[in-house]
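Please open the model in your viewer and keep the selection tool at hand. The tour below proceeds stop by stop, saying at each one what to select and what is there.

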Amino acid sequence: QVQLVESGGGLVQAGGSLRLSCAASGSAFSINAVGWMGWYRQAPGKQRELVARITGGGRTNYTDSVKGRFTISRDNAKNTVYLQMNSLKPEDTAVYYCRYITDRSYWGLGTQVTVSS
């Protein structure tokens, strides 16, 4: 079993920054295991989309709309994955979810990010 808890969301003005955290726990979780962790986001009425991901080996990928603005990272000692979001835009407004994928998928409950214009 794996539990994922997101934090760090909030209200920020356009151009501002937020840092999201995803703390993982549970007997089935290993930060260095085969698989990857990622951040998704979903706005009301919209499909959930992958924003960024990081593999157990540290490789990262980003959706084009956030390249150069967002950075995904991890702290293995803390079993935590981060999403540093800079130069935020109103279109970044969404609920952001942490996901852990190995032989199965685990989701956090999400944290709200609201960017005002």
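## The open sheet

Begin by selecting strands 1, 3, 8 and 7, which in that order form an open sheet of four strands with antiparallel pairing. At its edges are strand 1 (3–7) and strand 7, each of which pairs on one side only. If you look along the strands, neighbouring members of this sheet are turned against each other by 15° on average, direction ignored. Keep in mind throughout that this is a predicted model.

Next, narrow the selection to strand 1 and strand 3, which run antiparallel and are joined by five bridges. Within this pairing, Leu4 stands opposite Ala24 in strand 3.

## The disulfide

Now select Cys22 and Cys98, which a disulfide joins with an S to S distance of 2.0 Å. Since Cys22 belongs to strand 3 (residues 18–25) and Cys98 to strand 9 (residues 94–101), the pair ties together parts that are 76 residues apart in sequence. A search of the whole structure finds one disulfide, and the torsion about its S-S bond is about -80°, so the disulfide of Cys22 and Cys98 is left-handed. With a relative accessibility of 0%, Cys22 counts as buried, and Cys98 is likewise buried, its relative accessible area being 0%.

## The nonpolar cores

Select Leu4, Met37, Trp39, Phe70, Leu83, Met85 and Tyr96, which touch the most other members of the largest nonpolar core, a set of 27 residues. If you then colour by element, those giving two or more residues to this core are strand 3, strand 4 (36–42), strand 5 (49–55), strand 7 (70–75), strand 8 (80–85), strand 9 and strand 11 (111–116). Apart from this core lies another, of five residues, including Tyr40, Val95, Tyr97 and Ile101.

## Rings and a charge

Stay with Tyr40 and Tyr97 and add Trp107 to the selection, because these three residues form one aromatic cluster, in which rings pair if their centres lie within 6.5 Å. Then add Arg48, which lies over the face of Tyr97 at 3.7 Å from the ring centre, while the charged end of Arg48 also sits over the ring of Trp107, 4.6 Å from its centre.

For the last stop, note that the count of aromatic pairs comes to three. Select Tyr100 and Tyr106, whose ring centres are 5.9 Å apart and whose planes meet at 20°, so the pair is stacked. Both Tyr100 and Tyr106 are buried.

Notes
Residues are numbered from 1 along each chain as its sequence is written. This is a predicted model: local features need pLDDT of at least 70, side-chain atom pairs count only at pLDDT 80 or more; totals for chains, interfaces and linings use all residues. Side-chain values use heavy atoms; hydrogens and water are left out. A disulfide is a pair of cysteine sulfur atoms within 2.5 Å. Buried means under 20% relative accessible area, exposed over 50%, partly exposed in between (1.4 Å probe, protein chains only). Rings of Phe, Tyr and Trp (its six-membered ring) pair if their centres lie within 6.5 Å; planes under 30 degrees apart count as stacked, over 60 as edge-to-face and the rest as tilted. A charge sits over a ring if NZ of Lys or CZ of Arg is within 6 Å of the ring centre and within 35 degrees of the ring normal. A nonpolar core is a set of buried Ala, Val, Leu, Ile, Met, Phe, Trp, Tyr and Cys residues joined through side-chain atoms within 4.5 Å. Two strands pair if DSSP finds at least two bridges between them. Axes are lines fitted to C-alpha atoms, for helices over the stretch in contact, and angles run from 0 to 180 degrees between N-to-C directions.
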